[in-house]
Amino acid sequence: MADINEEKRSELWREIVKIEDKEESLLAIKRQYEKQLTNFYSDIQVLNCRMTNLLELSPSSHKIVEQIEENNWSIQRAIGWYVDEELDNLDKQTKKARRLLDDVREELITERNRLPWEWDTALKN
């Protein structure tokens with residue numbers, strides 16, 4: 001005997017697996033982007049520290065050095081806000097996408113579970 005709905009059940013299972021693969025890919029992309037953003041911010045901090053150290057050695061007037069340092073710190077704060085905002089947006093968009101994928105997966109699971117187990121008695125022999 002063979003289940004009449006076996007093919008449809010298998011098709012739905014494959015779709016569920018595709019959804020799970022998409023979720024894994026989404027999380028991998030999220031982690032990669034987070035890493036890039038944090039590395040970018042770290043690089044900016046390192047550059048700012050190097051510039052500050054170089055400015056201390058500069059023969060320029062104290063007032064000019066202070067102005068440059070102030071501008072650099074303003075830029076670093078703006079970049080920090082940008083990175084924080086990007087990470088926040090990334091988190092929100094990822095959660096939204098995961099909810100959508102979860103909804104689709106749940107629909108597929110529900111549809112698969114609703115399929116009756118019907119046996120084709122003509123295939124007995």
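The dialogue below goes through helix packing, salt bridges, surface exposure and distances in a predicted model.

Me: How are helix α1 and helix α2 oriented relative to each other, roughly parallel or roughly antiparallel?

Reply: The general idea is to look at the angle between the N-to-C directions of the two axes, where an angle over 145 degrees counts as roughly antiparallel. In this predicted model, helix α1 covers residues 6–57 and helix α2 covers residues 62–114. The two pack at an angle of about 175°, with their axes 10 Å apart, and α1 and α2 are therefore roughly antiparallel to each other.

Me: Which classes of residue make up the contact of α1 with α2, and how many belong to each?

Reply: Sorted by class, the contact of α1 with α2 has 26 nonpolar residues, 16 charged residues and seven polar residues.

Me: How many salt bridges does a search of the whole structure find, and which residue of helix α2 pairs with Lys30?

Reply: A pair is recognised when a side-chain nitrogen of Lys or Arg lies within 4 Å of a carboxyl oxygen of Asp or Glu. The search of the whole structure finds nine salt bridges. In one of them the side chains of Lys30 and Asp91 meet, at 3.2 Å from N to O. Lys30 belongs to helix α1 and Asp91 to helix α2, so this pair ties together parts that are 61 residues apart in sequence. As for their surroundings, Lys30 is buried, with a relative accessible area of 15%, whereas Asp91 is partly exposed at 24%.

Me: What separates Lys92 and Asp88 along helix α2, and how exposed is each of them?

Reply: Here the reading starts from the spacing in sequence: Lys92 and Asp88 are four residues apart in helix α2, which means that about one helical turn separates them. Their side chains meet in a salt bridge, with 3.2 Å from N to O. Both residues are partly exposed, Lys92 with a relative accessible area of 48% and Asp88 with one of 37%. Turning to salt bridges that share partners, these join Lys30, Glu34, Asp91 and Lys95 into one network.

Me: Are Arg9 and Asp3 buried or exposed, and what is the distance between their closest N and O atoms?

Reply: Both Arg9 and Asp3 are buried. The two residues form a salt bridge in which the closest N and O atoms are 2.2 Å apart.

Me: Which residues form a nonpolar patch on the surface?

Reply: To read such a patch, one looks for nonpolar side chains that have over 30% relative accessible area and no salt bridge. In this case Met51, Ile64 and Ile68 form the patch, and together they have about 230 Å² of accessible area. Ile68, which is found in helix α2, is partly exposed, with a relative accessible area of 31%.

Me: How far apart are the C-alpha atoms of Lys92 and Val65, and where is Arg114 placed?

Reply: Separation along the chain and separation in space are to be read side by side. The C-alpha atoms of Lys92 and Val65 are separated by 40 Å, while the two residues are 27 residues apart along the chain. Arg114 has its place in helix α2 and counts as exposed, at 67% relative accessibility. Between Arg114 and Asn71, 43 residues apart along the chain, the C-alpha atoms are separated by 64 Å.

Key:
Residues numbered from 1 in each chain as written. Predicted model: local features only at pLDDT ≥ 70, side-chain atom pairs only at ≥ 80, totals over all residues. Heavy atoms only, no water. Patch = residues over 30% accessible without salt bridge, like charges linked within 9 Å, V, L, I, M, F, W, Y side chains within 5 Å. Areas by Shrake-Rupley, 256 points an atom, 1.4 Å probe, with all protein chains shown as cover. Buried < 20%, exposed > 50% of the residue type's maximum accessible area, 1.4 Å probe, protein only. Axes fitted to C-alpha atoms, helices over the stretch in contact; angles between N-to-C directions. Parallel < 35°, antiparallel > 145°, perpendicular 65-115°, else oblique. Nonpolar A, V, L, I, M, F, W, Y, C, P; charged D, E, K, R; others polar.
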